[in-house]
Amino acid sequence: MASPAATAKKAPDAPQTPQAEPAAKKTTARKKTTAGAAARSAHRENPGSLKQLATVTPEQRQKMIEEAAFYKAEKRNFAPGHEQEDWTDAEREIDDLIARARAMTGA
C-alpha cells in the first residue's frame, strides 16, 4: 500500500510569469570639477590644511590653475573655443580660494 504522502494530491503549480532581470546599476566615476579639487591635489601631504593653501608658492598656484582649467574643459568634453574662458575662470576661482584661506588663517 502506498504511503499517505505519496497518494496526496499535489497542489497545482502557480502560473509561471517571466521574471524581469534587475536593471543593471549604472556607476560612473565622480569627476573633480572644482577649484577645490585642484587645491587638494596641490597639497596631498596634508589635504584640507588652510595654512598650506594660504601659503602656496607661485608654482603651486600655477599648477592649481592648470588643473582647474583642465577639469573645466573636461566637463564640457573639450569643445574648442572656450580655452581662454576656462583659464580665466580657473584663475579667478583659485585666487578666491587662496584669498579666503589667507583671510581665515591671517596669513
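1. Tyrosine 71 counts as buried, at 16% relative accessibility. The structure is a predicted model, and the points below should be read as comments on that prediction. Tyrosine 71 pairs with phenylalanine 70: the ring centres are 5.6 Å apart and the planes stand at 70 degrees, so the pair is edge-to-face. The cut-off for that label is an angle over 60 degrees.

2. Phenylalanine 70 has a second ring partner, phenylalanine 78, with 5.5 Å from centre to centre and 50 degrees between the planes, a tilted pair. A search of the whole structure gives two aromatic pairs, and Phe70, Tyr71 and Phe78 make up one aromatic cluster. Burial varies within this cluster: Tyr71 is buried at 16% relative accessibility, while phenylalanine 70 is partly exposed at 42% and phenylalanine 78 is partly exposed at 46%.

3. On the overall fold, the protein contains five helices and zero strands. The order along the sequence is α-α-α-α-α. Among contacts with a separation of 6 or more, 60% are between residues 24 or more positions apart.

4. What share of the 107 residues counts as buried? The figure is 23%. The protein exposes about 8,400 Å², and 55% of this is supplied by carbon and sulfur atoms.

5. Helix α5 covers residues 83-105. Its length was checked against the ideal rise: at 1.5 Å a residue, the 23 residues should span 33 Å, and the end C-alpha atoms are 33 Å apart, which agrees. Glycine 106 follows α5, and its phi is positive, near 75 degrees.

6. The buried residues of α5 are Asp86, Ala90, Ile94, Leu97, Ile98 and Ala101. Asp86 is an acidic entry in that list, and its relative accessibility is 8%. Its salt-bridge partner is taken up in point 10.

7. Five salt bridges are found in a search of the whole structure. Side chains of opposite charge can pair when their charged atoms come close. Three of the bridges are described in the points that follow, each with a partner in α5.

8. Aspartate 95 bridges to arginine 61, with 2.7 Å between the closest N and O atoms. Aspartate 95 belongs to helix α5 and arginine 61 to helix α4 (residues 58-75), so the pair ties together parts that are 34 residues apart in sequence. Both partners are partly exposed: aspartate 95 has a relative accessible area of 29%, and arginine 61 has 24%. A network of salt bridges links Arg61, Glu91 and Asp95.

9. Glutamate 93 forms a salt bridge with lysine 72, the closest N and O atoms being 2.8 Å apart. This pair also links distant parts of the chain, with glutamate 93 in helix α5 and lysine 72 in helix α4, 21 residues apart. Is lysine 72 buried or exposed? Lysine 72 is buried, since its relative accessible area is 17% and the cut-off for burial is under 20%. Glutamate 93, at 22%, counts as partly exposed. The side chains of lysine 72 and glutamate 93 are also joined by a polar contact of 2.8 Å. Leaving out residues up to four places away in sequence, lysine 72 touches Asp86, Asp89, Ala90 and Glu93. Of these neighbours, Asp86 and Ala90 are among the buried residues of α5.

10. Aspartate 86 forms a salt bridge with arginine 76, and the closest N and O atoms are 2.2 Å apart. A reviewer may wish to look at this distance in the model. Aspartate 86 sits in helix α5 and arginine 76 in the loop between α4 and α5, 10 residues apart. Aspartate 86 is buried at 8% relative accessibility, whereas arginine 76 is partly exposed, with a relative accessible area of 23%.

11. To draw the charged pairs together: α5 is joined to α4 through Asp95 and Arg61 and through Glu93 and Lys72, and to the loop between α4 and α5 through Asp86 and Arg76.

Notes
Residues are numbered from 1 along each chain as its sequence is written. This is a predicted model: local features need pLDDT of at least 70, side-chain atom pairs count only at pLDDT 80 or more; totals for chains, interfaces and linings use all residues. Side-chain values use heavy atoms; hydrogens and water are left out. Helices (H or I, at least four residues) and strands (E, at least two) are DSSP runs, numbered from the N terminus. The expected span of a helix is 1.5 Å times one less than its number of residues. Buried means under 20% relative accessible area, exposed over 50%, partly exposed in between (1.4 Å probe, protein chains only). Contact means heavy atoms within 4.5 Å. Accessible areas come from the Shrake-Rupley method with a 1.4 Å probe; for residues, only the protein chains shown count as cover. A salt bridge is a side-chain nitrogen of Lys or Arg within 4 Å of a carboxyl oxygen of Asp or Glu. A polar contact is a pair of N or O atoms within 3.5 Å; within protein, one must be able to donate a hydrogen and the other to accept it, and residues adjacent in sequence count only if both atoms are side-chain atoms. Rings of Phe, Tyr and Trp (its six-membered ring) pair if their centres lie within 6.5 Å; planes under 30 degrees apart count as stacked, over 60 as edge-to-face and the rest as tilted.
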